[in-house]
Amino acid sequence: MMVQQNARSVGWTISLGLAAVLLFTWPIPGTIALRNSLSAILLFVTLVATWQTRLQSEPRLSALRFPLAIFGLLTGWVILVIAGWAAEPALSWRELWAQWMQPALCGLAGCLLARLAVARGASGMQALLKMVFYTLFLQVLLHDVLDAAYLLTTGESPFRQAPVLYLSIFFTIFQEGGTWTQAFIGQYFEKFSFVNNTFAAILIAEILQRTIEKRRWLDLPNWLLGLSLLLVLLCSYWLRVRNGNLGLVFLIIVAGLMTLVRIRHRFRLRNLLLVLSIAGVGVLGIGTAFWKSDSRWQSFAETVPIALDTETHKAWLSRSIAPYPRLSNGAEVDPSNYERLAWIKEGLKLGWENPLGTGLNRNAFFDGLDRKYQMNGAIRGGHSHSGVVDFFIANGLPGLLLWFAFLLSLTILGWRTFTGTHMAMGLMLIFLISGFFSRSLVDSNIRDHVLQQFLFMVAVFASLCAAVIPGSQGKHP
């Protein structure tokens, strides 16, 4: 019996370590082989650990049945589209493994890891939560430290840099005898904003838990939370990712609204209005700071009608067809402002023209445009910068509705947890879903490692929520 317990303890420790390394590695470019290896090993270890504890009394997380059923239906639909009427079946079958089954297996690993944590009781759940916290803390701390070092060394502000994602470049430059500041290449910053916003979600959930419920979710000192909050704000300021900053503001708004729902019976209407006013001023201040930090916002309003006039202006299709339109001051439209809006419009049109989908393909948008306008491969291989639009084109309206239903079912699970006795746990699950969904409207994030990490994290927190909802867990005989 002692040997079995030691083996289970070792398996749990290895699982936590693998998950931490995987979370740290996921956003780093050029680590596909390492990510795949780590996720495969983690899945294997958690499967073995789950098998070892099969005879013990474990929680049966019945609250997950409905989300899992919807995800199963969605997977069946994705396969049906490929097998039935995909535009390029051979390509879609290849995409099925990399773009859907691998992320699904990452979700399974997250579910099994959380299940192992729940089986170990409060200490296991706390260990899992701290693993996630400290991994994200390390990433954001390292980002800010490297950015500060760059500022002190060069005298230049490290805007739109993601040095944590340049670690492999640092190593290469070190081998070649170059200067470490050469690794700051000004790329991948939008990918790191996902890390920063996820860390922000954990912090906000914990702060609200302590403020409203007067008890802790994470067993961490107050000074560490304060330091972490400063690190997140500094990271957001230096990253200057519009969608990331919008996501952070949206996160704060969602947190505020949910908190008011939670505490509405504790205050009079006058006091609630006062709180709303103060919160509104705070959010407005943060939003204004983010707006002023990115000059592209200044021309956004004028760009909207130009970008939506896709019949007159064709630069959205290809720069080889037409130059970018110009604003009233004679300057070209900002490419990001112009293209994102035009692509979303044309992507929705393409989706409605193929309501049953064209087959799973991360580049369904430009591959579809290439076929539609008979460009003979000239514009293949690009996405619309909207995960929702790309998913709509690839999987049709039924697939998109099933995806929304899956997210909604998890949100309901988070809400049930939030309104119960585990406020922060429910908040965190809702934050993950609302953050990912809002970014999917303007970022192509339902793909690649971003989808893998999202399904892993959602599986972890959904499983933890399912474990603490009253009546949602039984015991195995």
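**Exercises on three residues of a predicted model**

At 31% relative accessibility, Leu167 counts as partly exposed, because that class lies between buried (under 20% relative accessible area) and exposed (over 50%), with a 1.4 Å probe and protein chains only. This is a predicted model, in which local features need pLDDT of at least 70, side-chain atom pairs count only at pLDDT 80 or more, and totals for chains, interfaces and linings use all residues. Residues are numbered from 1 along each chain as its sequence is written, and side-chain values use heavy atoms, with hydrogens and water left out.

**Exercise 1.** Place Leu167 and list its contacts beyond four places in sequence.

Step 1. Leu167 lies in helix 6 (residues 167-176); helices are DSSP runs of H or I, at least four residues, numbered from the N terminus.
Step 2. Its contacts (heavy atoms within 4.5 Å), leaving aside neighbours within four places, are Phe24 and Ile28.
Step 3. Ile28 is 139 residues from Leu167 along the chain, yet their C-alpha atoms are separated by 8.0 Å.

**Exercise 2.** Is Thr303 buried or exposed?

Step 1. Find Thr303 in helix 11 (residues 300-308).
Step 2. Its relative accessibility is 0%, so Thr303 counts as buried.
Step 3. Outside four places in sequence, Thr303 touches Leu327, Val333, Asn337 and Tyr338.

**Exercise 3.** Which side chain of opposite charge is nearest to Asp144?

Step 1. Asp144 belongs to helix 5 (residues 122-154).
Step 2. Asp and Glu count as negative, Lys and Arg as positive; His and the chain ends are not counted.
Step 3. The nearest such side chain is Arg240, 13 Å away.
Step 4. Buried Asp144 has no salt bridge, that is, a side-chain nitrogen of Lys or Arg within 4 Å of a carboxyl oxygen of Asp or Glu.
Step 5. Beyond four places in sequence, Asp144 contacts Leu231, Leu234, Cys235 and Trp238.

Methods: Helix = DSSP H or I, 4+ residues; strand = E, 2+ residues; numbered from the N terminus.
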